[in-house]
Amino acid sequence: MPQDHPLTFADADQASIPLALLTAEAFDGWRLAQEPGARGWAEANGFVAGPGQVLLFPGDDGAPEAALGGVGSAKDRARGRFALAAVAQSLPAGTYHIESGLPQEPADIEAELLGWLLAGYSFDTYKEKTGKQVRLVAPEGVDTARIEAIAAGEALTRDLINTPANDMTPDGLQAAAAALAHDHGAQCSVIGGTELLAENFPLIHAVGRASDCAPRLIDMRWGQSGPKVTLVGKGVCFDTGGLNLKPGSSMGLMKKDMGGAATVLGLAQMIMALDLPVQLRVLIPAVENSVSAGAFRPGDILTSRKGLTVEINNTDAEGRLVLADALALACEEESDLVISMATLTGAARVAVGPDLAPFYADDATAAALEAGGRRAHDPLWRLPFWEPYETMIEPGIADLDNAPKGGFAGSITAALFLRRFVNEDTRYAHFDIYGWQPEARPGRPKGGVGMGARAILAALPDLMGLEPAE
Ligand code: BES
Ligand code: MN
Ligand code: ZN
């Protein structure tokens with residue numbers, strides 16, 4: 001279902017309108033340096049270099065000859081990301097180049113330019129494309145191919161999340177993974193339906209068996225040499241809650257419950273397009289958590305691939321079940337890094353809201369990821385694998401409880417549950433993401449959104465001992 005988004009820069013030889021970026025702090029200086037005509041024009045238009053504010057200077061034929069873009073005060077900039085995206089969204093159609101006002105740091109420039117490309121994203125699989133073409137000739141010296149690859153990966157993530165569950169079924173998710181693999185010469189294999197039982201993926205089968213669209217495990221591999229990175233993404237294409245049915249208000253957004261899968265696929269696309277020297281594996285348990293006579297039930301005790309038994313105390317805590325079998329498979333071979341990404345708990349959303357990607361990792365991995373998040377303007381927030389809460393996931397009549405009572409630390413107990421399926425000596429990070437932008441922000445329209453992928457991409461050189469990008 002992914003579409004072709006033209007998230008690319010304009011060619012350097014194209015005619016383009018100069019765009020000067022101004023902070024609110026620099027605006028007074030700018031005013032004083034102007035001829036009365038320009039000063040009066042800014043005043044008449046109420047231009048004060050506020051975030052996303054634009055002032056156009058018409059040429060003799062009335063068409064814009066130059067443009068000013070506001071990036072706001074230090075406070076505005078601290079409160080939002082992608083200041084240039086906000087400017088791009090206010091500009092009329094046309095091709096521009098940035099004359100002045102970009103940040104100093106290469107990583108900050110990259111983030112702003114990425115914001116421009118992402119401002120051009122819209123989800124229009126189901127309606128005619130509207131939207132204007134606001135194109136940018138990238139400044140010299142930036143790695144445009146890298147920024148375009150990141151924008152394309154993010155667009156894939158958004159498309160996959162935005163595509164509704166009637167089309168983004170486990171079949172649809174498999175087709176998207178296969179298409180991505182095909183585009184980049186990756187291998188993609190699938191174990192589906194009752195084969196999951198024969199091949200010992202009992203939890204994936206149990207969660208997905210009530211649906212008419214069979215559960216499956218998607219396994220993609222790419223790259224011949226370098227450190228091994230395994231990404232595991234929750235692919236619950238729709239989460240009704242199962243027999244512990246969600247109320248309507250909680251079910252409304254559950255097409256996004258494959259947000260982890262969408263995010264690891266977007267990240268995989270970035271890694272492959274950039275030809276990073278790693279051996280990549282992507283595992284996606286793709287299921288629908290549906291209701292039927294054959295659905296798994298509260299009280300069932302299931303034996304996982306790893307052999308640990310799990311008491312099902314809530315069929316709505318399904319993500320950790322399908323991920324458990326996928327993580328167990330991931331750990332059957334050596335990996336230098338295993339990362340899981342999942343829209344796993346409502347508790348994570350309550351704790352940090354839709355902007356931050358909460359994650360769990362050991363100290364060294366966490367430091368690298370946090371630094372990557374800062375460089376990429378992809379904010380993360382670390383939560384602890386808090387050992388004393390291990391007892392909360394131990395029910396007594398089985399090894400594990402999938403839904404501890406008490407309502408404490410829901411995201412942490414889910415992370416601890418997942419960690420039981422990872423080898424102790426494997427470097428492991430887990431992201432409990434929201435995957436959805438509830439209100440439009442610059443570069444991020446309302447709808448599906450990638451979280452954490454760009455932070456991981458930025459951290460990979462450090463994490464894997466690769467040569468850094470710059
Ligand atoms: N997919 C949901 C988590 C979710 C809900 C993420 C809303 C983002 C927004 C997950 O499968 C779920 O239902 N989790 C339950 C677990 C509980 C039953 C232990 C939750 O968080 O309420
Ligand atoms: Mn659920
Ligand atoms: Zn879910």
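In this predicted model, one residue holds hands with two metals: Asp 239 bridges the manganese ion (ligand 2) and the zinc ion (ligand 3), and these ions lie 3.1 Å apart. Follow the chain and you will find Asp 239 in strand 9 (residues 235–239), while Asp 316 sits in the loop between strand 12 (309–311) and helix 12 (319–330). The two are 77 residues apart, so the pair links distant parts of the chain.

**The manganese site**

Which protein atoms are the donors of the manganese ion (ligand 2)? They are Asp 239 (OD), Asp 316 (O), Asp 316 (OD) and Glu 318 (OE), at 2.0 to 2.2 Å from the ion. Along the sequence, the spacing of these donor residues reads D-x76-D-x1-E.

Why is the arrangement around the manganese ion (ligand 2) called irregular? Its six donor atoms subtend angles of 73 to 170 degrees, and that range makes the arrangement irregular.

**Buried or partly exposed?**

Here are three residues with their relative accessible areas.

| Residue | Relative accessible area | Class |
|---|---|---|
| Asp 239 | 2% | buried |
| Asp 316 | 22% | partly exposed |
| Gln 14 | 32% | partly exposed |

Asp 239 counts as buried because its 2% falls under the 20% cut-off.

**A look at Gln 14**

Gln 14 belongs to the segment before strand 1 (17–23). Setting aside neighbours within four places in sequence, Gln 14 is in contact with Thr 95, Arg 135 and Val 137. Now compare Gln 14 with Gly 29: they are 15 residues apart in sequence, and their C-alpha atoms are 31 Å apart in space.

Technical notes:
Residues numbered from 1 in each chain as written. Chains lettered and ligands numbered in written order. Predicted model: local features only at pLDDT ≥ 70, side-chain atom pairs only at ≥ 80, totals over all residues. Heavy atoms only, no water. Helix = DSSP H or I, 4+ residues; strand = E, 2+ residues; numbered from the N terminus. Buried < 20%, exposed > 50% of the residue type's maximum accessible area, 1.4 Å probe, protein only. Contact = heavy atoms within 4.5 Å. Donors = N, O, S within 2.8 Å, 3.2 Å for Na, K, Ca; no water. Tetrahedral: all angles 85-135°; square planar, octahedral: opposite > 155°, others 65-115°.
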